[in-house]
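The report below treats symmetry, helix packing and enclosed space in turn. Please read it with the model in view.

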Number of protein chains: 2
Amino acid sequence: MAQVRNKQVVLRDYVSGFPKESDMDIVEGTIELKVPEGYNDVLLKNLYLSCDPYMVALMRDIGPEGFQNYTPGSPLTGYGVSKVIESGHPNYKKGDLVWGFTKWEEFSLVSPTLLFKIEHTDVPLSYYTGILGMPGMTAYAGFFELGSPKNGENVFVSAASGAVGQLVGQFAKLTGCYVVGSAGSKEKVDLLKNKLGFDEAFNYKEESDLDATLKRYFPEGIDIYFENVGGKTLDAVLLNMRVHGRIPVCGMVSQYNLTQPESVTNLAHIIFKRVLMQGFIVNDFYHLYPKFLEFLLPHIREGKVVYVEDRDEGLENGPAALVGLYSGRNVGKQVLVVARD
Amino acid sequence: MAQVRNKQVVLRDYVSGFPKESDMDIVEGTIELKVPEGYNDVLLKNLYLSCDPYMVALMRDIGPEGFQNYTPGSPLTGYGVSKVIESGHPNYKKGDLVWGFTKWEEFSLVSPTLLFKIEHTDVPLSYYTGILGMPGMTAYAGFFELGSPKNGENVFVSAASGAVGQLVGQFAKLTGCYVVGSAGSKEKVDLLKNKLGFDEAFNYKEESDLDATLKRYFPEGIDIYFENVGGKTLDAVLLNMRVHGRIPVCGMVSQYNLTQPESVTNLAHIIFKRVLMQGFIVNDFYHLYPKFLEFLLPHIREGKVVYVEDRDEGLENGPAALVGLYSGRNVGKQVLVVARD
């Protein structure tokens, strides 16, 4: 029953505004590689950890209702891909590959409340932090279930090269929509147009008048805006929605610095345009996961849907990887590689 | 075929911001009391005209997409109760009482695109500008169709003593909800609590911290916010919505001065709370009108639903009545009495 070293990424103290690297510590803990007698927990070796924008909300003193915020001195929690080392739960056995909720450390003892077994390993395992995991389900649920897209409709996606956005754009193309994405660098814009199949893309940092920009790309208006950023972008979008338009609100990453959120002034436009705005989180849609896999796996295998990852190696680079999400450093889905098997 | 005098309320010029009385002129026109040969128009004698907050949107240079804005030099259009003087349309005959789209003048020749025959005259005729007309249908569609209320839920209504709000509150009570209304004077607050059956009501002008006010009235949060005002009230509500809450967005009367709309900064709260915001206009719901009458008429006859009107007499007082909507002068539904029969 060896105690082994267990490197962790630990929250130093509650965060206000965007997180900094110094809000987290790298700690050398230890862990006994055994599920305690009588517990139905699962002992995981973490392989890939997912860096996701929502995580900052859990770094605050008061987290969102119904969610467990992080505890100073304890490791962050989040999505990951892991291998089962030992299991006290009948649904999992040693050697299983799983994805779901784990902790930012080398080994984790978790209660398997949100842990999916990985059945398909002919695709990269890291995909289960992204296209085949939480961000993939988020794009699927938000676009298809809440966006109710129809062939020929006009779709706008912000943070379009991110973990979720790049899939929304590809789902829109599969549905026969016209899709435009915004992102924050030339490299990302090129990616959207040349690799991810967006009809058009622009660098929002180079546009001085977002309303005019949107009118240029959407002379007839926007049917679906997949909202990832909030603030000024949303305000310009509200001026350009079509009648009966839909806005699935997935995230507002520009606004997560809640000490100084940008203001939105054009909300009254949702009345005459009869616009639906629907905030959502993926947890309400996991019952669709089997249907989602059935839809998406063939497209991945045939190369009809692709996925761009941005990888950092090693838990010690976790804080920088996470912080980078809020400055747009990552190009594609940000993954932290902890171990390869 | 006598030409008769036809007093009109005419738009002087396009309006920016809220309208002033001087934006309208009282004009003495004439009209021939005859439907021109070959037309299927209907000639109406207008009895009651409805003053509605949306009207300012049609006074601007560019009206909302899909709606006909007013023309300088021509009378305003709007909802009213009228008597048919002559009809070129087979569905209407001389002597019929109707409600629907007419013009701000004594007699109007209209194409009957939105004109309902009044079948039930045991209730006040003016009710067809309010509880049994467009505002009634608005309250019904917004609350029941979009709000999806359940017994025991917590409902907040702004502009709660207005044409729509007073009904939303009563519909909420009929559904077994707890309902709180906000309004802009002591008189209105008293009306909400003592006559309209709201559980609680407050004067928003006397509250310095609306977030704290809402937390006091809704310690467990708000399930349905029926949105009539926008701005600061919405911003405070967003901090107090419950998970899976709904916000039917009927109007944002505080924001119709579009030159200086207030900002909303708390929209990101709709994500974790999975809040639905749905802008709507009543035109999409008129197919429910027979069902609505069947529901509401018995309640009115039994005195279980009441309705408060604020009446002004004479077309020459129309501009003041309309302008008063935007300063909250009216107590209850604002009606303009043009003629009594």
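At what angle do helix α1 and helix α7 of chain B pack, and how far apart are their axes? In this predicted model, where local features need pLDDT of at least 70, side-chain atom pairs count only at pLDDT 80 or more, and totals for chains, interfaces and linings use all residues, side-chain values use heavy atoms, with hydrogens and water left out. Residues are numbered from 1 along each chain as its sequence is written, while chains are lettered from A and ligands numbered from 1 in the order in which they are written.

Helix α1 (residues 134-146) and helix α7 (residues 289-301) of chain B pack at about 95°, with their axes 11 Å apart. Helices here are DSSP runs (H or I, at least four residues), numbered from the N terminus, and axes are lines fitted to C-alpha atoms over the stretch in contact, with angles running from 0 to 180 degrees between N-to-C directions. The two helices, α1(B) and α7(B), are therefore roughly perpendicular to each other, a term that covers angles of 65 to 115 degrees. On the α1(B) side the contact (heavy atoms within 4.5 Å) involves B:Gly136, B:Met137, B:Tyr140, B:Phe144 and B:Glu145, and on the α7(B) side B:Tyr289, B:Lys291, B:Phe292 and B:Phe295. By class, this contact of α1(B) with α7(B) has 6 nonpolar, 1 polar and 2 charged residues, where Ala, Val, Leu, Ile, Met, Phe, Trp, Tyr, Cys and Pro count as nonpolar, Asp, Glu, Lys and Arg as charged, and the others, Gly among them, as polar.

In chain A, the axes of α1 (residues 134-146) and α7 (residues 289-301) come within 11 Å and cross at roughly 95°. Chain A is superposed on chain B by a rotation of 180° with 0.0 Å of shift along its axis, at an RMSD of 0.0 Å, with the fit made by least squares on the C-alpha atoms of residues with pLDDT of at least 70 in both copies. That is the relation of a two-fold axis, and 100% of the contact residues of chain A recur in chain B.

The structure also holds 2 cavities of 30 Å³ or more; a cavity is a set of points on a 1 Å grid over the protein atoms alone where a 1.4 Å probe fits but cannot get out, and its lining residues have an atom within 4 Å of a point.

| Cavity | Volume | Lining classes |
|---|---|---|
| Largest | About 40 Å³ | 5 nonpolar, 3 polar, 1 charged |
| Second largest | About 30 Å³ | 5 nonpolar, 3 polar, 1 charged |

Volumes are the space filled by probe spheres set on the points, which are joined across faces, edges and corners. Residues lining the largest cavity include A:Met252, A:Glu262 and B:Leu267, and those lining the second largest include B:Met252, B:Glu262 and A:Leu267.

Notes
Angles under 35 degrees count as roughly parallel, over 145 as roughly antiparallel, 65 to 115 as roughly perpendicular and the rest as oblique. On a 1 Å grid over the protein atoms alone, a cavity is a set of points where a 1.4 Å probe fits but cannot get out, and a pocket is an open set with protein on both sides within 12 Å along at least five of seven lines; lining residues have an atom within 4 Å of a point.
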